[in-house]
Amino acid sequence: MSGTSEKPARVTAGVTFGARLAFEQIHHRFASDQVTLQDVSLVAEPGEVLCLLGPSGSGKTTLLRIAAGIESQSAGRVLLNEREIAGPNVFLPPEQRSIGLVFQDFALFPHLTILDNVRFGLTALSREEARNEAMAALSRVGLESYAGAYPHVLSGGEQQRVALARALAPRPAVLLMDEPFSGLDSRLKDTVRAETLAILRQSRATAIVVTHDAEEAMRMGDRIALLRSGWLIQTGTAEELYLQPADLFVAGFFSELNLFGARVAGGAADTPLGRFAAPGLDEGAAVTVAVRLSGLEPCAEEDGVAARILSRRFLGVVELLELGVEGVDEHLRARVRCGLLPPGIRDIFLKVRPRDVLVFERERESA
Ligand code: ADP
Ligand code: MG
């Protein structure tokens, strides 16, 4: 934290109001010359939970670190409520940004009590005030009874909540969370995620939550921003990214797909599963037709394409089928509700639900 005396370390107004955090044409490269972020423009609106989604190495952590002020962009600006906090001629130090950060590994101090961990960032307050604020933050995450204990007595989910309390105690206008649930085992994840979301809503802070898991982004985010190799590929609601993916990479991030190569003829693309409309694409264009695994359903002979079942795997709600279809070199895969197909059946007919078919021009492909 800042050791200088001229400024209070943090804004600690009685009530938090979420701020608008804007990234404007952010470029970033490490000394190695490799470009990490390219022309990223993105806004987190006041009070919203924005999920920053992308595969490992896509630049998510770097973007958070730039917002927090622990990394500098090579070009572009960061604005908090229209105020420039980082730009070509401006750099506001982290402790003056009113931005909280929760790290992937929680980063609690093992030798400090839970209360002292949460009090750590409250350097601008008197000892008494800091204690009260820290206790209030701890009770917000339901852990006030652990104030005097040390981090090692807590479960992973509880440690995550202490980290959240520590980040919220100074009442930041923006909270950044870097893969906050990745260290938790899968049984805990659902509960901790739901609790965290409720606490974020209550705090009214604007939140950016980083994840590499599309389902997690859909569960948590009011909106989702998808990064690949440092480029922002698409921003929108879960529905928008799922139903209208900008390209094959986005589609593949949100659903498992069967892929077919084809050419547009008469406004449509022919595949072994049928003919699908290719609106807006040029005649003769090379396209990839993507069919979601959940978009194939068993049907009567006259309505479908013949398929031979090669394997069936029971997954509880659905079963995963591997199928052979004439004219398709690779095996198709389908997710079908359990109980729909009788045991032992080998030959079936399949139809394709039109809303589960996406057609992309080959040049725009990137997966
Ligand atoms: P993500 O959080 O999406 O996994 P990061 O922002 O951590 O991605 O990293 C983006 C890219 O920058 C990766 O290719 C990574 O290897 C590289 N990188 C990260 N940190 C450093 C560093 N300190 N020095 C050099 N390259 C780095
Ligand atoms: Mg990361």
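## A walk through two sheets

Start by selecting L101 and L176: L101 stands opposite L176, which belongs to strand β8. Keep in mind that you are looking at a predicted model.

Now widen the selection to the two strands around that pair. Strand β7 and strand β8 (residues 174-178) run parallel, paired over four bridges.

Next, bring in the rest of the sheet. It is an open sheet of six strands, and you can trace it in the order β7-β8-β9-β3-β10-β11, with mixed pairing. Which strands stand at the edges? Colour β7 (99-102) and β11 (231-236). Each has a single partner strand, so one side of each has no neighbour in the sheet. Turn the view and check the twist: on average, neighbouring strands of this sheet are turned by 20° against each other, ignoring direction.

Time to zoom out. Colour residues 21-243 as domain 1 and residues 255-361 as domain 2. The centres of domain 1 and domain 2, taken over C-alpha atoms, are 40 Å apart.

Now for another sheet. Select P298 and L350: P298 sits opposite L350 in β20. Show the strands they belong to, and you have β16 with strand β20 (residues 347-352), an antiparallel pair joined over three bridges.

Add the remaining strands, and you get an open sheet of five, ordered β16-β20-β17-β18-β19, with antiparallel pairing. The edges here are β16 (296-298) and β19 (332-337); each has just a single partner strand, so one side of each is left without a neighbour in the sheet. As for the twist, neighbouring strands in this sheet are turned by 50° against each other on average, direction ignored.

Methods
Residues numbered from 1 in each chain as written. Chains lettered and ligands numbered in written order. Predicted model: local features only at pLDDT ≥ 70, side-chain atom pairs only at ≥ 80, totals over all residues. Heavy atoms only, no water. Pairing = 2+ DSSP bridges. Axes fitted to C-alpha atoms, helices over the stretch in contact; angles between N-to-C directions. Domains from an automatic or database assignment.
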